[in-house]
Amino acid sequence: MKIEKIQVLKGPNIWSIRRTKLIQMRLNLEELEEYPTNKIDGFRERIENLIPSLISHRCSEGVEGGFFSRIESGTWMGHVIEHIALEIQTLAGMDTGFGRTRETKTKGIYNVVFSYLEAKAGVFAAEESVAIAEALIENKDYDIDGCIQKLKEIRERERLGPSTGSIVEEATSRNIPWIRLGKNSLVQLGYGKNQQRFQATITGLTSSIAVDIACNKELTKIMLGDAAIPVPSGDLVVDKEDLEYVIKKIGYPIVIKPLDGNHGKGSSINVNDFETALVGLEHAQQYGKKVIVEKYITGFDFRVLVIDHKMIAAARRVPAHVVGDGKKNIQELIDTENRDPRRGYGHENVLTEILVDKDTNELLEKLNYTLETIPQKGEIIYLKSTANLSTGGTSIDVTEMVHPENVMMAERISRIIGLDVCGIDIMAENLTQPLKDSGGAVLEVNAAPGFRMHLAPSEGLPRNVAAPVVDMLYPQGKEFRIPIIAVTGTNGKTTTTRIISHIVKNNGYRVGFTTSDGIYIQNTMLSKGDTTGPISAEFVLKDPTVEFAVLETARGGILRSGLGFNTCDIGVLTNIKEDHLGISDIHSLKDLTRVKRVVLDSIKKSGWAVLNADDEYSMRIADDLDCKVAVFSLDEKNPYIKKASKEGKITCVYEEGFITIKKGDWKIRIERAILIPITMEGKAKFMISNVLAATLACFLYGFKIEDIALALKTFIPSAELTPGRLNIFKFKKFKVLIDFAHNPAGYEAIEDYLKSVDATKKIGIISGVGDRRDEDIRECGKIAGRMFDYIIIRNEKHLRGRTEEEINSLIIDGINSSERHVTYECIPKEIEALKHAMNMAEEGTYITALSDVVSNAIELVQEYQLKEMQETQNLS
């Protein structure tokens, strides 16, 4: 077997709109295509022995053990690998269950698709599932436990922490989109100007001064003490003399902790002699020279959580411990405790495995115990000095038991320190009495408090403490999205995107848009290149200045990674024509339609799909969408337009020279096409089609007729504003047209436009694109033969797997198949081809350069224009 490609899909994709996190592995079974599982001796027994939990996979049989039945009766190895990849992720604490395996048009090559929770773990699962299958086929040993452990390590390294993850889950349940910023726990909720950010449990609303105060334990203690909050007596020390002085003042037992510490690091508690205190001072100073020494308060360790200055939850925290049974030693008791199904590696379960470390050994040493000591029955052995869940501690929910006076005190503390999300550590016998009565005290105030103890306590009710955080970031009525119009199709996407963006900008929005030329924020290019994929979409949606997004969305990005957004307000499908067929398992217009409709399937139910009624494949999906549909056409008498009009629906048509919105039988004329510059005085029908699509989308969004009309009249095509889209350059004797057309449909559009152009001679500069089908390259040559009097064939920079001779031969075949006899020549270099065409141009010549890379051609023609202008000025 051979893995040909692994792709990580992160957004809506051709396999699923809702299941956005998928691995797609292109797998070549090679000789195994002839060997389904029932032809491999012993395969069923070996896979069942290695991964017995696969019995839970019901497969198409619909019953437990169904997958094993399929293996018994015979299934292909791609299907087996799909199930292995899913199961090893589940065994590593990433329970995910969606999978599909489909053979491509090439025999023996399959797309194996399965869901993941963490992308790197998903890629590892893909690779390792193939290795597992190969080991089973060859009857070789395989370390399944090592594989699962590696997956766990990847998961812990890549995943969001439990607190961050809980906020993301809560946001997702409210359909609030989120984007992970960087590789850590910084997360953006919402899009554009409506975004909010948070990291762990610090939000964009958290005061940096408040965080500084909370991190300075001495300052926190002073401020709370001044506000009549009970705090332990103590002071700051930096050396042995300070330590001795403070101990004399407050007496034993004491607590020693770093001034700027967190998560209990560097702390020593219940210290009762000076020698131990010196060790504790040295330990604390590993985290900072300044150390707090204070009176040890007896009682239980409580954490009170306050969000947006309201107490949300409270928990009693218990350090990791074991209880003796009079038979097992401490190590055996730890091993037994770690077998509790609630405990797991890292944050995979409610509780964390207890690991023996220096802190554990020091605590045991104080008791004169070792790991081999057998405690008495009922004896509690504490294994950690702090109650953090990450070191194996447990929590008990006590939210309902907190005395109202303590609730008020906690909420006061959050305001005194100034934290929007605030964790308050309290030592007391209980929280059912006011602290002043129980003798308890506030030990610390924490910025970025962990949520895990409240989300999944080992005892008591779990609390959804993420909900009030999202409520605070997005109070009722606050928007979290920005409007998104997504544009897809074969031809016309970029121009339609630019027209829509221009209309949106003219209506007062700060617009971000992506095109095949680059990413723009309010008409300023911030990134150059083909930016029509999910990364470019995210670029716009992450920009906090953007109020409205218009996103050109091409097939390549959808196939590579899925969409860069989960929902859009309006989706525009310009057309579906032959282009890029034969690539990425897209062999027909039906296949291509499946890709393009991903955008339309992402439209929200109340949104609109804008479809081209003149395009057969676009209209095939019109009745199969889960949103509202509106259509446009160059022909008012188009049957789809007539049908929609009868049903009282909204359409947009080109009629009697006007761009017109129709509501049923009523007409609302927007503007004459000849007054819209991009239509070239109404001569460029394909540009009129783009205007119809853009006009309809903007009308459906809610922009006024007069505002749309004004924007259309001020959208002036140029090499700067619409590079490669019908760019016309005028010289004294001739004109040059440069266009992005590179497929048969694009060539036909140019052919239609050139019919309206008067010229003494029409020269065409064309090239074939190597990653197109033979028939598409020939067809471009045939169309060129019809519309030009003289043709120069040049070579693209990127041949994409073909030779120059092969491409040129296909073009020449096409030229020769046209009805006209046309002279042609081959000039490999683009610059030389353009120079030659302009040098041979006579009075009234019209030169047309067609290519999917136009920047060099535009620069050269502009240089020639400047040179001619300078020569004219010198003569005058």
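Okay, so helices (H or I, at least four residues) and strands (E, at least two) are DSSP runs, numbered from the N terminus. We'll need that straight away. What you see above is a predicted model, where local features need pLDDT of at least 70, side-chain atom pairs count only at pLDDT 80 or more, and totals for chains, interfaces and linings use all residues. Residues are numbered from 1 along each chain as its sequence is written, and side-chain values use heavy atoms, with hydrogens and water left out.

Let's start with T101. Where does T101 sit? In strand 3, which covers residues 99-103. T101 counts as buried, at 16% relative accessibility. Buried here means under 20% relative accessible area, exposed means over 50%, and partly exposed is in between, with a 1.4 Å probe and protein chains only. The side chain of T101 makes a polar contact of 2.6 Å with the side chain of E82, and it also reaches the backbone oxygen of G78 at 3.5 Å. A polar contact, by the way, is a pair of N or O atoms within 3.5 Å; within protein, one must be able to donate a hydrogen and the other to accept it, and residues adjacent in sequence count only if both atoms are side-chain atoms. If you skip the neighbours within four places in sequence, T101 is in contact with G78, H79, E82, Y110, N111 and V112. Contact just means heavy atoms within 4.5 Å.

Now jump along the chain. T101 and I603 are 502 residues apart in sequence, and C-alpha to C-alpha they are 27 Å apart in space. I603 is also one of the residues touched by D569, so to speak our next stop. D569 is in strand 27, residues 568-573, and at 15% relative accessibility it counts as buried. What does the side chain of D569 reach at 2.8 Å? The backbone nitrogen of I484. There is also a polar contact of 2.7 Å between the side chains of D569 and K604. Leaving out residues up to four places away in sequence, D569 touches I482, P483, I484, I603, K604, G607 and W608.

One more buried polar residue, then: N808, in helix 27, residues 804-817. Its relative accessible area is 12%. The side chains of N808 and N795 are joined by a polar contact of 3.4 Å. Not counting residues up to four places away in sequence, N808 touches I793, R794, N795 and C826.

Right, on to a sheet. Strands of a sheet pair through backbone hydrogen bonds, either parallel or antiparallel. This one is an open sheet of five strands in the order 19-14-13-20-21, with antiparallel pairing. Two strands pair if DSSP finds at least two bridges between them. Strand 19 (394-397) and strand 21 (441-447) stand at the edges with a single partner strand each, so one side of each has no neighbour in the sheet. On average, neighbouring strands here are turned by 30° against each other, direction ignored. That uses axes, which are lines fitted to C-alpha atoms, for helices over the stretch in contact, and angles run from 0 to 180 degrees between N-to-C directions.

Inside that sheet, strand 13 (residues 300-307) and strand 14 (residues 310-318) run antiparallel and are joined by seven bridges. Which residue of strand 14 is the bridge partner of V304? It's A314.

Between strand 13 and strand 14 there's a loop, and D308 is found in it. Most residues other than glycine have a negative phi, and most peptide bonds are trans. D308 has a positive phi, near 55°, and is partly exposed at 33% relative accessible area. A228 also has a positive phi, about 65°, although it is not a glycine. A228 is in the loop between helix 8 (217-226) and strand 9 (234-237), and is exposed at 65%. As for peptide bonds, the one from Y252 to P253 is cis, with omega near -5°. P253 is in the loop between helix 9 (240-250) and strand 10 (254-258).

Last stop: helix 11, residues 330-338, whose buried residues are I330, L333 and I334. They cover an arc of only 100° around the axis, so they are on the same side of helix 11. That arc is taken from the directions from the helix axis to the C-beta atoms. And what do these buried residues pack against? Strand 15 (321-323), helix 12 (358-366) and strand 18 (380-382).
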